[in-house]
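Work through the exercises below with the structure open. Each task is followed by a solution in steps.

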4 protein chains.
Amino acid sequence: MPTEMSQNANALQIRVYYEDTDAGGIVFYANYLKFFERARTEWLRQLGINQSQMAQTEQQLFVVKQVDTEYLHPARLDDMLTIQSRITHLGGASVHFAQDAWCQDRHLCKSSIVVVCVDANTMRATKMNPHLRSILEQAQD
Amino acid sequence: MPTEMSQNANALQIRVYYEDTDAGGIVFYANYLKFFERARTEWLRQLGINQSQMAQTEQQLFVVKQVDTEYLHPARLDDMLTIQSRITHLGGASVHFAQDAWCQDRHLCKSSIVVVCVDANTMRATKMNPHLRSILEQAQD
Amino acid sequence: MPTEMSQNANALQIRVYYEDTDAGGIVFYANYLKFFERARTEWLRQLGINQSQMAQTEQQLFVVKQVDTEYLHPARLDDMLTIQSRITHLGGASVHFAQDAWCQDRHLCKSSIVVVCVDANTMRATKMNPHLRSILEQAQD
Amino acid sequence: MPTEMSQNANALQIRVYYEDTDAGGIVFYANYLKFFERARTEWLRQLGINQSQMAQTEQQLFVVKQVDTEYLHPARLDDMLTIQSRITHLGGASVHFAQDAWCQDRHLCKSSIVVVCVDANTMRATKMNPHLRSILEQAQD
């Protein structure tokens, strides 16, 4: 576990497979966004938030509004990555995450991601329901 | 254009990008199925069949039921591929395709693919509407 | 764990994320080939075979030669899949796998996959080294 | 062609296929980074820069160092996108791009991307060769 990692961040282990790499021998840059999405999803699941149920019962989806990513070191085939996730800000309809990819104590990639709660039919931003919001408040760093 | 290609097959040109390759330096084996799906879709579009309209107006989707693929030679970054597609059999609810990937006159990959028309709500096989079927009949090899 | 599953098959659990699904609401057909590759890789790793080391120390890669896949039922977002893998035949340079995807006791997808050991430089089939082959023999069903 | 588009930006047309979409019915957020990479690659190719040759003859790769992306509107299955690319800054070892995705006159996604020229063996930043740099200077907005 990386020493610089925040104590109260959530962590997910992800293995690098052939599908994740490219002919440069490293993980293709878009694929970190897959890893970050997996990590947010698993964290929400641990908190009791199931996004496919949320889509069906409340017609609410989380969609990504903004992603700022910096690539520090490449990851390679068979590497075991740790994805660290924190909530840095919570709005009425938005959640701001800081997410980082590590390989052992090597910091590979850092990202700041804004996710917005939208109505599944109109795709317009909509207030998170109070129950959802209170769960996220407690998970906030 | 490969000389062995069927005269009346449909052809789509596809460039190999980093996203398609893996750390072995070649196109990742699952990605040929993406190429074949693009080629079927573009061919259907040329025939006047738009699958997203079809999903909305007729609640019918094409889903893949079976894929048999043989990999003959690897494709590499920047290769320009030709995807050749033919209909080999037409059932009441199914379409059988033969699809091949070529790089110039090198045969990279051959595939036989069965696609089934399903009801978008139940995901069960359903008869293609007569208009759709007659278009596919005319496109058959 | 599916009741029909072979006792001595290897199993890997895989969660379905947004990245795996498509606008039809189901897992995109090519993505099962990613799941199968992950399952083969993890199984080989359990047996002590690390493919990225194998590429570097012995200049040998496994490449997929043939895949026959049948899609029985669709998987959806958040489903937890079990990928079952067995070796059905072992040649001098090839390994034949049977791989199946299950969601609880629902059989989603069955596949028969031939993998060939190639020289990393020439990409031509080459005999597996005796140590590798004896490990695979013991893992065979 | 979007009216707001820069006159001297490069443009690539990209069709949205099932592989690009997710169960939310829209293009998965990571996939815009694939589209942007395709657009940069095709633009470089038009300028006479072939990245796979560059990797082999000069042992130089372009790797992405930073990506800031804002998602404005979702793209959907069958949409035809225009990817607009401009060079906004040129350093000794880096190229800064502004890239935008449009669907007709709807601005879907805007991105600012920093690409670094690295030595293929060490993966460390290295000065672009003078020929490459002069080509990019002329292409700059």
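A residue counts as buried when its relative accessible area is under 20%, as exposed when over 50%, and as partly exposed in between. The model is a predicted one.

**Exercise 1. Place a buried acid in a salt bridge.**

Task: Is C:Asp78 buried or exposed? Which residue is its salt-bridge partner, A:Arg45 or another?

Solution.
- Start with the area. C:Asp78 has a relative accessible area of 9%. The cut-off for buried is under 20%. C:Asp78 is therefore buried.
- Next, the partner. C:Asp78 forms a salt bridge with A:Arg45, and the closest N and O atoms are 3.4 Å apart.
- Then locate both ends. C:Asp78 sits in the loop between strand E2 (60-71) and strand E3 (80-90) of chain C, while A:Arg45 belongs to helix H1 (residues 31-46) of chain A, and the pair crosses between chains.

**Exercise 2. Relate chain D to chain B.**

Task: What rotation superposes chain D on chain B? Which residue of chain D comes closest to the axis?

Solution.
- Read the operation. A rotation of 180 degrees, with 0.0 Å of shift along its axis, brings chain D onto chain B at an RMSD of 0.0 Å.
- Name the relation. This is what a two-fold axis does.
- Find the residue. D:Ile14 comes closest to the rotation axis among the residues of chain D, with its C-alpha at 5.8 Å.
- Check the surfaces. Both copies use the same surface, as 100% of the contact residues of chain D recur in chain B.

**Exercise 3. Describe the contact of chain D with chain B.**

Task: How many residues does each chain give, and how much area is buried? How many salt bridges are there between the two chains?

Solution.
- Count residues. Chain D gives 16 and chain B gives 16.
- Take the area. About 1700 Å² is buried between chain D and chain B, with 43% from carbon and sulfur atoms.
- Find the main contributors. D:Tyr17, D:Tyr18 and D:Glu19 lose the most area to chain B in chain D, together 33% of what that side buries.
- Count the polar links. Chain D and chain B have six salt bridges between them. They also have eight residue pairs in polar contact.
- Assign elements. On the side of chain D that touches chain B, helix H1 (31-46) and helix H2 (51-58) of chain D each give two or more residues. H1(D) gives the most, six residues.
- Sort by class. That side has four nonpolar, four polar and eight charged residues.

**Exercise 4. Follow two of these salt bridges.**

Task: Which residues of chain B pair with D:Asp78 and D:Glu19?

Solution.
- Take D:Asp78. Its partner is B:Arg45, with the closest N and O atoms 3.4 Å apart.
- Take D:Glu19. Its side chain meets that of B:Arg38 in a salt bridge at 2.8 Å, N to O.
- Locate this pair. D:Glu19 lies in the loop between strand E1 (10-15) and H1 of chain D, and B:Arg38 lies in helix H1 (residues 31-46) of chain B, so the pair joins two chains.
- Check burial. D:Glu19 and B:Arg38 are both buried.

**Exercise 5. Examine a salt bridge inside one helix.**

Task: Where do B:Arg133 and B:Glu137 lie? How accessible is each?

Solution.
- Locate them. Both are in helix H3 (residues 130-139) of chain B, four residues apart, about one turn of the helix.
- Add the distance. Their salt bridge has its closest N and O atoms 2.3 Å apart.
- Classify each end. B:Arg133 has 23% relative accessibility, so it counts as partly exposed. B:Glu137 has 42%, so it also counts as partly exposed.

**Exercise 6. Describe the contact of chain D with chain A.**

Task: How many residues, how much area and how many salt bridges does the contact between chain D and chain A have?

Solution.
- Count residues. 24 residues of chain D contact 25 residues of chain A.
- Take the area. The two chains bury about 2000 Å² between them, 63% of it on carbon and sulfur atoms.
- Find the main contributors. D:Tyr29, D:Lys65 and D:Tyr71 lose the most area to chain A in chain D, together 28% of what that side buries.
- Count the polar links. There are zero salt bridges between chain D and chain A. Eight residue pairs are in polar contact.
- Assign elements. H1 and strand E2 (60-71) of chain D each give two or more residues to the side of chain D that touches chain A. E2(D) gives the most, ten residues.
- Sort by class. That side divides into 14 nonpolar, three polar and seven charged residues.

Note on methods
Residues are numbered from 1 along each chain as its sequence is written. Chains are lettered from A and ligands numbered from 1 in the order in which they are written. This is a predicted model: local features need pLDDT of at least 70, side-chain atom pairs count only at pLDDT 80 or more; totals for chains, interfaces and linings use all residues. Side-chain values use heavy atoms; hydrogens and water are left out. Copies are superposed by least squares on the C-alpha atoms of residues with pLDDT of at least 70 in both. Contact means heavy atoms within 4.5 Å. Buried area is the accessible area (1.4 Å probe) that two parts lose on being put together, summed over both. A salt bridge is a side-chain nitrogen of Lys or Arg within 4 Å of a carboxyl oxygen of Asp or Glu. A polar contact is a pair of N or O atoms within 3.5 Å; within protein, one must be able to donate a hydrogen and the other to accept it, and residues adjacent in sequence count only if both atoms are side-chain atoms. Ala, Val, Leu, Ile, Met, Phe, Trp, Tyr, Cys and Pro count as nonpolar, Asp, Glu, Lys and Arg as charged, and the others, Gly among them, as polar. Buried means under 20% relative accessible area, exposed over 50%, partly exposed in between (1.4 Å probe, protein chains only).
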